[in-house]
Amino acid sequence: MAAISGNLESFQLVKIFRSILDRKMTGVLTLKNGDLRRAAYFYCGHPFRVDANDEALRLGGHLVEEGLISSTELVELERDERVMGVPFARLLLDQNLVTKARIEIIEGGLARRRLQAAFGWAAGTYQFEPRDLRREEAIIEPIDPIVMIIQATAEVLPTPLCERFLRSFRGQI
């Protein structure tokens, strides 16, 4: 299957998510809006990892805020991530700084927030690139795309339009 790409418009991301779910696609959906970027990794139609480039939604900053790592450890870990090419969460686990369960909870919440923010984008681009991803690469439990669409819609759309949109999903969750 070839890559799929296009421009983001209002509600386009909802259609993209539905298509990925309905076709049980596996690969990476990259979203761009100006300087903002998201990369959602899908396995059989369900996102199981979401990366973002905005500082407010990075795992390391939240770990520092919660007092789980120091700002010095954050700088060292980010350096090691760049130099060694090892994922940030893997470094945390290898150095026994944070438990896997704690990472899953924090990263799961951040992944949902990263995607929900992108549902509000009225412009930008998207590209879905099929890849041979493994479910065991997941940091978090897969996100239910229908629940994600409904939550994001409830946050982004005006109430009358939201209610009409949500009625179209009745019986699917």
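How many residues does H5 have, and how far does H5 reach from its first C-alpha to its last? Keep that in mind while you get your bearings. The answer comes at the fourth stop.

**Stop 1: the whole chain**

Show everything as a cartoon. This is a predicted model. The protein chain has seven helices and five strands. Follow the chain along the sequence, and the pattern reads β-α-β-β-β-α-α-α-α-β-α-α. Now colour by burial. Of the 173 residues in the protein chain, 39% are buried. Contacts come next. Among those between residues at least 6 apart in sequence, 64% join residues at least 24 apart.

**Stop 2: the sheet**

Select the five strands. They make an open sheet in the order S1-S5-S2-S3-S4, and the pairing is antiparallel. Look at the edges: S1 (4-7) and S4 (46-52) each pair on one side only. Neighbouring strands of the sheet are turned against each other by 15 degrees on average, direction ignored.

Select S2, residues 27-33, together with S5, residues 125-130. These two strands run antiparallel and are joined by six bridges. To see one facing position, pick Lys-32: it stands opposite Thr-125 in S5.

Move to S3 and S4. They also pair in the antiparallel sense, over six bridges. Here Arg-38 stands opposite Ala-52 in S4. Now go to the turn. The hairpin of S3 and S4 has two residues between the strands, and Cys-44 takes a positive phi near 50 degrees there.

Stay in this part for one side-chain view. Show Arg-49 and Tyr-41. The charged end of Arg-49 sits over the ring of Tyr-41, 4.2 Å from the ring centre.

**Stop 3: helix H1 on the sheet**

Select residues 12-22. This is H1, which packs on the sheet and touches S1, S2, S3 (36-43), S4 and S5. Compare directions: H1 makes about 175 degrees with S2. Show the side chains of its buried residues. They are Gln-12, Leu-13, Val-14, Ile-16, Phe-17, Ile-20 and Leu-21. Then step past the end of the helix to Lys-24, which follows H1 and has a positive phi, near 50 degrees.

**Stop 4: helix H5**

Select residues 100-119, which form H5. Here is the answer to the opening question. H5 has 20 residues and reaches 28 Å from its first C-alpha to its last, close to the 28 Å expected at 1.5 Å a residue. Turn the view to see the sheet behind it. H5 lies across S2, S3 and S4, running at about 80 degrees to S4. Many side chains are worth showing. The buried residues of H5 include Ile-103, Ile-106, Ala-111, Leu-115 and Ala-118.

Pick Leu-110 in H5. Is Leu-110 buried or exposed? Its relative accessible area is 2%, under the 20% cut-off, so Leu-110 is buried. Beyond its neighbours within four places in sequence, Leu-110 is in contact with Leu-57, Arg-58, Leu-59 and His-62. Check the C-alpha atoms of Leu-110 and Leu-57: they are separated by 6.2 Å, though these positions lie 53 residues apart along the chain count.

Next pick Arg-114, also in H5. With 4% relative accessibility, Arg-114 counts as buried. Which residues does Arg-114 touch, not counting those up to four places away in sequence? They are Arg-38, Val-50, Asp-51, Ala-52, Leu-57, Arg-58, Leu-59 and Glu-107.

**Stop 5: the aromatic cluster**

Hide the rest and show Phe side chains. A search of the whole structure finds three aromatic pairs. Start with Phe-17 and Phe-42. Their ring centres are 5.4 Å apart and their planes are at 70 degrees, so the pair is edge-to-face. Phe-17 lies in H1 and Phe-42 in S3, so this pair ties together parts that are 25 residues apart in sequence. Both Phe-17 and Phe-42 are buried.

Now add Phe-119. The rings of Phe-17 and Phe-119 have centres 5.1 Å apart and planes at 55 degrees, so the pair is tilted. Phe-17 lies in H1 and Phe-119 in H5, so the parts tied together here are 102 residues apart in sequence. Check burial for both. Phe-17 has a relative accessible area of 1%, and Phe-119 counts as buried at 10%.

Finish by adding Phe-128. Ring pairs link Phe-17, Phe-42, Phe-119 and Phe-128 into a cluster.

Key
Residues numbered from 1 in each chain as written. Heavy atoms only, no water. Helix = DSSP H or I, 4+ residues; strand = E, 2+ residues; numbered from the N terminus. Buried < 20%, exposed > 50% of the residue type's maximum accessible area, 1.4 Å probe, protein only. Contact = heavy atoms within 4.5 Å. Pairing = 2+ DSSP bridges. Axes fitted to C-alpha atoms, helices over the stretch in contact; angles between N-to-C directions. Expected span 1.5 Å × (residues − 1). Phe/Tyr/Trp six-rings, centres within 6.5 Å; stacked < 30°, edge-to-face > 60°. Lys NZ or Arg CZ within 6 Å of the ring centre and 35° of its normal.
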